[in-house]
Amino acid sequence: MVVLLAVITIIAFSKSTETIKSGQAGVLYKTFGGGVVTDEPSLGEGFHIVAPWNKVFVYEVRQQEIFEKMQVLSSNGLEIQLEASAWFQPQSENLGLLHKEKGENYISRVIQPAIRSAARSVVGRYTPEQLYSSKRDVIQEEIFVETKKILDKQHIQLNEVLVRDVTLPVTIKSAIERKLKQEQESLEYEFRLVTAQKEAEKQIIEAKGKADANKILSASLTDKILRDKGIEATMKLSESPNSKVVIIGSGKSGMPIILGNQ
């Protein structure tokens, strides 16, 4: 009898305890007390004593990731394959409501449909060219905003949406790549033309500057100035210690002629 009571006591005790692991939280279900507890905080990490006729539903409350691969349509009706992942976690303060309203399968019931709906809505605004090139970051942000708007009302915290890959039909992708290549070649050609034009303009400006400088110099060099410069040079040469002969007034313009050896 004692052994039987001991066994019953051990079983009852084991049924009356719950250990919540790290990164988890528990939702208490009271069998005789109104069902899911939504007006009290969820059970945190650690050891808890629970009445044996009640039950605890344990949820992961750390950040989790879900990966989605879906077919969506662009603005012109072409089928696009989109691969995206979402980082999310339940709102711990509303864990009881999440369990009561959505249940343990909330990922497939709420998160996946929300991501797919947002992705279809966002991608449908853009052309394949935009999806392939410049709009990737914009699309990612818009999908995040629209998905978060849905999940905030479902007691789920959305942290990030990442667009992993956008796959276009092969023919469309090839056409876009050819177009981008042609645009790049056109830009390079225009750049070379602009560079050549600027170089030509530079040479014209330099040539004009030299011509203007020569014109100004020629206008300023009168006969009197040239004679004065010649006399000045002659005076400096005459003061040189090297032997020389100075013939005064023997130049074409009456300038001295210097003869001598160094």
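## Reading a sheet and the core around it

Me: Let's start with one pair: which residue in E7 does glutamate 68 stand opposite?

Reply: Glutamate 68 stands opposite alanine 84 in E7. Before we go on, this is a predicted model, where local features need pLDDT of at least 70 and side-chain atom pairs count only at pLDDT 80 or more, while totals for chains, interfaces and linings use all residues. Residues are numbered from 1 along each chain as its sequence is written, and side-chain values use heavy atoms, leaving out hydrogens and water.

Me: How are strands like E7 named, and how many helices and strands does the protein chain have?

Reply: Helices (H or I, at least four residues) and strands (E, at least two) are DSSP runs numbered from the N terminus. Here the protein chain has 7 helices and 10 strands.

Me: So how do I read the sheet, and what is its strand order?

Reply: In general, strands of a sheet pair through backbone hydrogen bonds, either parallel or antiparallel. Two strands count as paired if DSSP finds at least two bridges between them. Here you have an open sheet of 3 strands, ordered E6-E7-E8, with antiparallel pairing. Strands E6 (64–73) and E8 (156–167) are the edges, each pairing on one side only. Neighbouring strands are turned by 25 degrees against each other on average, direction ignored; the angles use lines fitted to C-alpha atoms, for helices over the stretch in contact, and run from 0 to 180 degrees between N-to-C directions.

Me: How many bridges join E7 to E8, and what sits across from what?

Reply: E7 (residues 79–90) is joined to E8 by 10 bridges. Phenylalanine 88 stands opposite leucine 158 in E8, and proline 90 stands opposite isoleucine 156. On the other side, E6 and E7 pair over 10 bridges. Their hairpin has 5 residues between the strands, and glycine 77 there takes a positive phi near 85 degrees.

Me: Which helices pack on the sheet?

Reply: Look for contacts, meaning heavy atoms within 4.5 Å. Helix H3 (residues 106–123) touches E6, E7 and E8, with its direction at about 40 degrees to that of E6. Helix H5 (residues 136–151) touches E7 and E8, and its direction makes about 145 degrees with that of E8.

Me: Is E7 enclosed or open, and why?

Reply: Buried means under 20% relative accessible area, exposed over 50%, partly exposed in between (1.4 Å probe, protein chains only). For E7, 9 of the 12 residues are buried, so this strand is largely enclosed by the rest of the structure. Alanine 84 is one to look at: its relative accessible area is 3%, so it counts as buried. Beyond four places away in sequence, alanine 84 touches Ile66, Phe67, Glu68, Leu162, Val163 and Arg164.

Me: And the core: which residues touch the most other members?

Reply: A nonpolar core is a set of buried Ala, Val, Leu, Ile, Met, Phe, Trp, Tyr and Cys residues joined through side-chain atoms within 4.5 Å. In the largest one, with 36 residues, Leu82, Ile111, Ile143 and Ile156 touch the most other members. H3 gives the largest share of this core, 9 residues. Apart from it lies another core, of 6 residues, among them Val37, Leu43, Val50 and Val56.
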